[in-house]
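Open the model and keep the sequence beside it. The walk below goes from the inside outward.

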Amino acid sequence: MKGQLAEQLQPAEDTLEAEKASFLKQPKAVWATAIAAVFAFMGIGLVDPILPAIAKNLQASPSQVSLLFTSYFLVTAVAMLVTGFVSSRIGGKKTLMIGLALIVVFASLSGMSGSVGELVGFRAGWGLGNALFVATALAVIVGVASGGTGTAIILYEAALGLGISLGPLLGALLGGWQWRAPFFGTAVLMAVSFIALLALLPKTPTPATKARLRDPLLALGHKGLRTTAASALFYNYGFFTILAFTPFILGMDAYGIGAVFFGWGVAVAVFSVFVAPVLQRRFGTTNVLVGTLGALLLDLVGLGLAAGHSVTTVVVLVIVAGALLGINNTLYTELAMEVSDSPRPVASAGYNFVRWMGGALAPFVAAQLGEHFGPQVPFFAAAVALAFAILVAAGGRRFLKSHEPHLV
């Protein structure tokens, strides 16, 4: 019996060792794409430290400023439906380049905004570029990286975590000087990424089968992918309640907010890359997902109780939330890429269309709840959303079990 168990575990251990050995041995094109992804993801948290400054300088309320996130993620979500259609016709490299170019243009225009309405509109254009880049970057990294899909996803999540952590830091360093500066700084970084990818990323072949516009929606007909996406929608509501609403209750300047969310982002990065794979192999994807969602629910309840009473407690709970979010990000991404039989770019587009809707709703709803009912209520509402995320994941457990790694 022990011999049989050892034989069963050996392939998993061999795969793990191969992935570890190949993680850092990647083609230059992979590193160039991953670094560009870092800069792209910086755009998510970039505005966090300067939200109060934007509200003050443009005479806007928190809910009006929250539309910077809503327009960005709403356009990102809808545009996910066309990313596969575009990339399957012009190739991954051209799609990446168009996405980067759009980000450069709209980040620059954001820095020149004269009103909150203009800024919201330019962030929407930024979201279109982000969708074209982010969805295609994952597919390109998976296709070019050595070491298998697991290694590619970890690289992608590392870029995500690093970008999310550096975004608030850049926003604070530049925003402490002038609130417009972070937008121009991002435009410069994305322009550098454009040049790097142009030089280092080889031409990617056009897929033999062209994706149709309806393919991402059809992919959601798979019960496993639909379960993953629906659970991620509620999860992202909690995620972006923390990211978009917390800066308004900290009572700090841009440097203070940037420091808090830099710590939060580092926790996201470390736990997504180093902790999530270990827990996944030990306890199984679905068990870890449900467990960390439950822990995040409790964290949000704690944030609700501390909001308006203890800034120190809020800061600690935000950083703890970053660790839990990092684990869940990796698990959701891997499930979305592997749980269905759809091509990865198509599955990713359908999944991201649904889950980014949570990111679009949360900032505005949270700000409205905070303005009308007090700073505690947005976090309690996010905790309720996490309860739904748990119910969906637990209820669809049998559809997710097909993607369980070998336990070690």
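Is Asn329 buried or exposed? This is a predicted model, and in it Asn329 has a relative accessibility of 7%. The cut-off for buried is under 20%, so Asn329 counts as buried. Asn329 sits in helix H14, which covers residues 311-338. Its side chain has a polar partner: a polar contact of 2.8 Å joins it to the side chain of Tyr235. Now look at what surrounds Asn329. Neighbours within four places in sequence aside, Asn329 is in contact with Glu157, Leu160, Tyr235, Phe239 and Val268.

Tyr235 leads on to the nonpolar interior. Tyr235 also appears among the contacts of Leu296. Leaving out neighbours within four places in sequence, the other contacts of Leu296 are Ile242, Ala321, Leu324, Leu325 and Leu386. Leu296 belongs to the largest nonpolar core, a set of 125 residues. Leu296 is also one of the residues with the most contacts inside that core. The others are Ile54, Phe133, Phe183, Leu197, Trp264 and Leu300. As background, nonpolar side chains tend to be buried together in soluble globular proteins.

Follow Leu197 next. Leu197 is touched by Met97, as are Phe194 and Leu198, when residues up to four places away in sequence are not counted. Met97 lies in helix H5, residues 92-111. Its relative accessibility is 9%, so Met97 counts as buried. For a sense of scale, pick out Leu391 as well. Met97 and Leu391 are 294 residues apart along the chain, and their C-alpha atoms are separated by 40 Å.

Helix H4 offers another polar residue to inspect. Ser71 lies in this helix, which runs over residues 62-90. With a relative accessible area of 11%, Ser71 is buried because that value falls under 20%. Where does the side chain of Ser71 reach? It reaches the backbone oxygen of Val120, at 2.9 Å. Val120 is also on the list of residues that Ser71 touches, along with Arg123 and Ala124, not counting residues up to four places away in sequence.

Step into the loop between helix H3 (51-57) and H4 to find Gln59. Gln59 is exposed, at a relative accessible area of 65%. Its backbone deserves a check. Phi of Gln59 is near 50°, a positive value in a residue other than glycine. Most residues other than glycine have a negative phi.

Charges come next. How many salt bridges does a search of the whole structure find? It finds one. The partners are Arg212 and Asp215, with their closest N and O atoms 2.9 Å apart. Side chains of opposite charge can pair when their charged atoms come close. The two partners have their own exposure classes. Arg212 is partly exposed, at 38% relative accessibility. Asp215 is buried, at 13%.

Finish on the surface. Val266, Val270 and Phe274 form a nonpolar patch there. Together they have about 260 Å² of accessible area. Take Val270 as the example. Val270 lies in helix H12, residues 254-283. Why is Val270 classed as partly exposed? Its relative accessibility is 36%, and the class lies between the limits of 20% and 50%, so Val270 fits it.

Technical notes: Residues numbered from 1 in each chain as written. Predicted model: local features only at pLDDT ≥ 70, side-chain atom pairs only at ≥ 80, totals over all residues. Heavy atoms only, no water. Patch = residues over 30% accessible without salt bridge, like charges linked within 9 Å, V, L, I, M, F, W, Y side chains within 5 Å. Areas by Shrake-Rupley, 256 points an atom, 1.4 Å probe, with all protein chains shown as cover. Salt bridge = Lys/Arg side-chain N within 4 Å of Asp/Glu carboxyl O. Helix = DSSP H or I, 4+ residues; strand = E, 2+ residues; numbered from the N terminus. Buried < 20%, exposed > 50% of the residue type's maximum accessible area, 1.4 Å probe, protein only. Polar contact = N/O pair within 3.5 Å; in protein donor to acceptor, adjacent residues only side chain to side chain. Contact = heavy atoms within 4.5 Å. Core = buried A, V, L, I, M, F, W, Y, C linked by side-chain atoms within 4.5 Å.
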